[in-house]
Amino acid sequence: MDPSVQKHFTAVDYVIFAVLLAASMGIGLYHALSGGRQRTTQEFLMADRSMSCLPVSLSLIASFQSAVAIIGVPAEIYTNGTQYWFIGCAYFLGLLIPAHVFIPVLYKLRLSSTYEYLELRFSKAVRICGTLTFIFQTVVYMGVCVYTPAFAINAVTGFELWGAVLATGLVCTLYTTMGGLKAVIWTDVFQTVVMFAGQLAVIVVGVHQTGGVSEVWRKVWEGNRISALNLNPDPTEKHTFWTLGVGGVFLMLSLYGVNQAQVQRYLSARTEKEAVRSCYMVFPSLQLSLALSCVMGLVMFARYCGEDHSDMLANSSNDAMVIYFVMDMLEGLPGLPGLFVACLFSAALSTISSAFNSLAAVTMEDLVKPYFPAMTEARATLVSKALAMSYGLLCLAMAYLTHLMDVSVLNVALKLFGMVGGPVLGLFCLGMFFPWANSTGAMAGLGGGLALSFWVGIGSIINLSSSPRLLSAGCRAALPSDNGTAAIHTALGNFTLSKPSGLNRFYSLSYMWYSAFSCFTVILIGLIISFLTGPMKEEDVTPGTIYPLLGNLLCFLPEHLQKKLCCVSPQGQTLSAPQHKEGNGLALPQEDGTSQEETDRFLPEVQAALVEHETTV
């Protein structure tokens, strides 16, 4: 960006940013010196399973609401209109299914790593493959999360790029290493408040400078930024109701159902009931954060529509453009630019701290403990802290690689989650819903799903020519003279004049479908290979690892046919089996004070209405 148009921080802004980092460090130091002082892996990695639903739910929001979303969503709305807002429809099923399917199964098994489930259900090899897949996905995403706000701030304000990256990465590494999961969760609570405050400040000031709510609405309406419901079934269309509302469900399931960073928070709750309640509490907060990001994009469009900023932003991405607009709106209001920067870095800190802790947990539980079973608790805790610090340093290295990319961070992040999270979701669905699936089928399904999703994802990056047409930046849309044609155009949404064909059309699949596409690929390949190599028998299935989805769906069949097809007893009858201990090193007694009646309460509640929705998964 031209230095002559760069915005600059005042001393107050720097102070607010420093207070954010100091407060985060202080929370980590407090939890390092209080309670059990992080002397056990259960306290360091699982917060002693003592957290209530409120901090857990706010931490779940903070982990999802990264700087990528705070910058990427307003840029998407500013550029293409409000069609992306329909992803909020996916939040309902995307949180309801984990609350009633994944949490009851995983919580009862008393796991520390989500991927311990894969060993209980399949084999150690499947567990290691799942763990390595998660580590790859999270390490790459960490680089995007820590680099994105630093680069955007540097492009607009001249704020030292690598100084910001190092400050964010090192502070986060230190408080995660010192305070463990408790520090991560409570800093997430603090950072969530900062995030909402920063976004609200931008919206309030932006609406005031634009001339009020009515003026904002007039400009975004005339600028064609209020998108109609696009029901185009074409899967290559980037954003439609189907890609966002249906494809988005699978993206949410891969995040809130089986992702270690989120599941680790459920498992840190005091009881299963608290874990389920925290999942419910996430829904309104996620809708609020989505609304704030979308409204911020609309306010920016209303404030700058008709103005050409291409010369100033020629060498910067749309994500840096968002920062420029925010800094321009808040200029002359001491402290508010610093508040928004604190908002951005709060989002980055909350996401990467969750990543450090979850990476340390899966590495310790899945890759270290199984091979060093005689390791003392003190040594295991020390190794866990060293792992958290090592992943923090690796994050800085990934940030350096991230700056080589010049594409929308929102697209990069969601593509990554679809390409890697989708196959992992398929692996868990294969294990939980299909009792016949065996470990050979699971390995083949995961390998096939990853290969196919990376083929589509990399092909789409190479074939960028099929990207959709952008809307005009003017305040008035260039509408056709025929009003009837205009109405049809609005109803059907944006389209490109020339459709790709052959492999290019395959590569043009919307990134929102990646999770669903790869999930079904894993399940299909896994079932085929399982039947070819010999389906798993009832006596070989570890009790408590199957969710009785097929039993509920096939309730109209005679009992002997149900038993033959489902091949396992209902989950609630098998939780006291002692053989779980060998798989995860943890005993299964109800030591959290939860009665058997309470732990079984949620599964029977999942009746036909919910199961109908689950069949689409």
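Arg277 and Glu274 sit three residues apart in helix α13, about one turn of the helix. In this predicted model, their side chains pair up in a salt bridge, with 3.8 Å from N to O. The two partners don't share the same surroundings: Arg277 has 35% relative accessibility and so counts as partly exposed, while Glu274, at 14%, falls under the 20% cut-off and counts as buried.

Helix α13 has a hand in another salt bridge too, and this one reaches well along the chain. Here the side chain of Lys108 meets that of Glu272, at 3.4 Å from N to O. Lys108 belongs to helix α5 (residues 90-108) and Glu272 to helix α13 (residues 272-304), so the pair ties together parts that are 164 residues apart in sequence. Lys108 and Glu272 are both buried.

A further salt bridge joins the side chains of Glu119 and Arg127, this time with 2.4 Å from N to O. How buried are these two? Glu119 has a relative accessible area of 18%, and Arg127 has just 3%. Both values are under 20%, so both residues count as buried. The story doesn't stop with the pair, either: Glu119 and Arg127 are linked with Asp366 in a network of salt bridges. Counting across the model gives 10 salt bridges.

Now for the nonpolar side of things. The largest nonpolar core takes in 170 residues. Which of its members touch the most others? That list is made up of Phe102, Tyr117, Tyr256, Phe340, Phe428 and Met432. As for helices, the biggest share of this core comes from α15 (residues 336-368), which puts in 18 residues.

Helix α15 also packs against another helix. Two packed helices are described by the angle between their axes and the distance between the axes. For α15 and its partner α8 (residues 161-210), the axes come within 4 Å and cross at roughly 140°. Is this crossing left-handed or right-handed? The crossing of α8 and α15 turns out to be left-handed. And what kinds of residues make up the contact of α8 with α15? There are 22 nonpolar residues and 13 polar ones, plus one that is charged.

Taken together, helix α13 carries Arg277 and Glu274, which lie three residues apart, as well as Glu272, whose partner Lys108 lies in helix α5. Helix α15, for its part, gives the most residues to the largest nonpolar core and crosses α8 at roughly 140°.

Methods
Residues are numbered from 1 along each chain as its sequence is written. This is a predicted model: local features need pLDDT of at least 70, side-chain atom pairs count only at pLDDT 80 or more; totals for chains, interfaces and linings use all residues. Side-chain values use heavy atoms; hydrogens and water are left out. A salt bridge is a side-chain nitrogen of Lys or Arg within 4 Å of a carboxyl oxygen of Asp or Glu. Helices (H or I, at least four residues) and strands (E, at least two) are DSSP runs, numbered from the N terminus. Buried means under 20% relative accessible area, exposed over 50%, partly exposed in between (1.4 Å probe, protein chains only). A nonpolar core is a set of buried Ala, Val, Leu, Ile, Met, Phe, Trp, Tyr and Cys residues joined through side-chain atoms within 4.5 Å. Axes are lines fitted to C-alpha atoms, for helices over the stretch in contact, and angles run from 0 to 180 degrees between N-to-C directions. A crossing is left-handed if the near helix is turned anticlockwise from the far one by less than a right angle, and right-handed if clockwise. Ala, Val, Leu, Ile, Met, Phe, Trp, Tyr, Cys and Pro count as nonpolar, Asp, Glu, Lys and Arg as charged, and the others, Gly among them, as polar.
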